[in-house]
Amino acid sequence: MRSAPRTGQGNQVLVWCLYGVLLLICLSLGTFIGLIRSGGLTAQVFTAGLLHKTPQEVFGRRDLVILLLGTDEDRAPGGRKIDKAAARSDMMMVARLHFKEKRITGITIPRDTLADLPGYHARRINAYHAIGGPRLAREAVENLLGIKIDRVVVVDYPVFQKMVNMIGGIDIDVAKRLKYTDEAGDLYIDFQPGLQHMNGYQAMCYLRYRKDSDFLRQARQRAFLVAFKQQATKKFLSAGAMINEVSDLTGHAFTDEELATLLLFGKSVGTSNIKLGMLPVKDALHYDLQVDMAKLQDSLKEYELIDDTRVATAQKP
């Protein structure tokens, strides 16, 4: 039986899912660092009047719904690495940026959630990225939730490791013993409980540990991102090279001006204006999950992915 808790975890899930918005803020930190280097995002963005523009003016809308995908490092038979574009989406999160209200809301989607898409057999939602890249992953999420996605951001492991190393590594308090070896996947995970200083590879291993539930894994993702944000802030001026990875990190989803705007927006969002949760799911066959349709609409409203301006399309029973 699946060991992950299914009920009575609402408050814990809300805390765990804060990692999504922290990632967006971390992306913005990397963007701001780029403003101090020559080339890329430079002072002309500001001289053009960015500081006097609202996000609504830059994006031409009052809000923005982003699908955040963390791609898995899949392996073909024999251990050959599968290209990022064909990898499964290991982590999925839908965030809505409310520009005027300076709020961020949204939900995470467990990767084992079954999803239908016209023209395809029902399958785990993380498989759609492997089949058709960000475009198909976006279609699958839109069909699952019944909402429109404006942009897709894809994060992969090599860029992830570089960014952690560039800020000098991170300190994480490991909650329990984590040990797992996968030679074909170049994974050698061995952490004792307690405070650990991790380089990029070790941090990747920490996040990729899969011998417990998706929910505990999301707790580790949040712990990493809190640590990353703290360390990136300490190394703010010495990590200028991080900007070299920003374009790849965001999957070219934003222009320079838009990235800088997201920085300013992220800095303006207080903790009390962050509200994130998890897609309501229940057990399905073969250790999969399925959307709890009786709770879906209420969850979309609670986390403000639908309202008078964002109306959900009809959902299948």
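Where is Asp-63 found? Let's start there, everyone, and keep in mind that we are looking at a predicted model. Asp-63 belongs to strand S1, which covers residues 63-71. Its relative accessibility is 5%, so Asp-63 counts as buried.

What does the side chain of Asp-63 do in there? It makes a polar contact of 2.6 Å with the side chain of Arg-96, and another, of 3.1 Å, with the side chain of Arg-310. If we leave aside residues up to four places away in sequence, Asp-63 touches Arg-96, Leu-97, His-98, Phe-99, Asp-150, Thr-309 and Arg-310.

Let me step back for a moment to the whole protein. The secondary structure comes to 11 helices and 13 strands. Of the 317 residues, 52% count as buried. Among contacts with a separation of 6 or more, 69% are between residues 24 or more positions apart.

Now to the aromatic rings. How many aromatic pairs does the count come to? Three, and I'll show you two of them. Phe-59 and Phe-99 have ring centres 5.3 Å apart and planes at 20 degrees, so this pair is stacked. Phe-59 sits in helix H4 (residues 55-59), while Phe-99 is in the loop between strand S2 (89-98) and strand S3 (103-109), so to speak a link between distant parts of the chain, 40 residues apart. Both Phe-59 and Phe-99 are buried. You may remember Phe-99 from a minute ago, as one of the residues that Asp-63 touches.

The next pair, Phe-191 with Tyr-206, is edge-to-face, with 6.1 Å from centre to centre and 85 degrees between the planes. Phe-191 lies in strand S9 (residues 187-191) and Tyr-206 in helix H7 (residues 200-208), so this pair ties together parts that are 15 residues apart in sequence. Phe-191 and Tyr-206 are buried too.

Let's stay with H7. Why call this helix largely enclosed by the rest of the structure? Because seven of its nine residues are buried. The buried ones are Gly-200, Ala-203, Met-204, Cys-205, Tyr-206, Leu-207 and Arg-208. At the N-terminal end, Asn-199 acts as a cap for H7, with a side-chain oxygen 3.2 Å from the backbone nitrogen of Tyr-201.

My last helix is H5, residues 127-145. How far apart are its end C-alpha atoms? Only 17 Å, although a straight helix of these 19 residues would reach 27 Å at 1.5 Å a residue. If you trace H5 on the screen, look for Gly-133, where there is a kink of about 135 degrees, shortly before the proline Pro-134. Gly-133 is also among the buried residues of H5, a list that includes Tyr-128, His-129, Leu-136 and Leu-145. Just after H5 comes Gly-146, with a positive phi of about 75 degrees.

Tyr-128 deserves a second look. The charged end of Arg-123 sits over the Tyr-128 ring, 5.8 Å from its centre. There is a similar arrangement elsewhere to look up, with Lys-275 over the face of Tyr-303, at 5.9 Å from the ring centre.

To close, here is what I'd take home: Asp-63 is buried and has polar contacts with Arg-96 and Arg-310, and H5 has its kink at Gly-133. Thanks for listening!

Definitions and conventions
Residues are numbered from 1 along each chain as its sequence is written. This is a predicted model: local features need pLDDT of at least 70, side-chain atom pairs count only at pLDDT 80 or more; totals for chains, interfaces and linings use all residues. Side-chain values use heavy atoms; hydrogens and water are left out. Helices (H or I, at least four residues) and strands (E, at least two) are DSSP runs, numbered from the N terminus. Buried means under 20% relative accessible area, exposed over 50%, partly exposed in between (1.4 Å probe, protein chains only). A polar contact is a pair of N or O atoms within 3.5 Å; within protein, one must be able to donate a hydrogen and the other to accept it, and residues adjacent in sequence count only if both atoms are side-chain atoms. Contact means heavy atoms within 4.5 Å. Rings of Phe, Tyr and Trp (its six-membered ring) pair if their centres lie within 6.5 Å; planes under 30 degrees apart count as stacked, over 60 as edge-to-face and the rest as tilted. A charge sits over a ring if NZ of Lys or CZ of Arg is within 6 Å of the ring centre and within 35 degrees of the ring normal. The expected span of a helix is 1.5 Å times one less than its number of residues. The bend at a residue is the angle between axes fitted to the seven residues ending there and the seven starting there.
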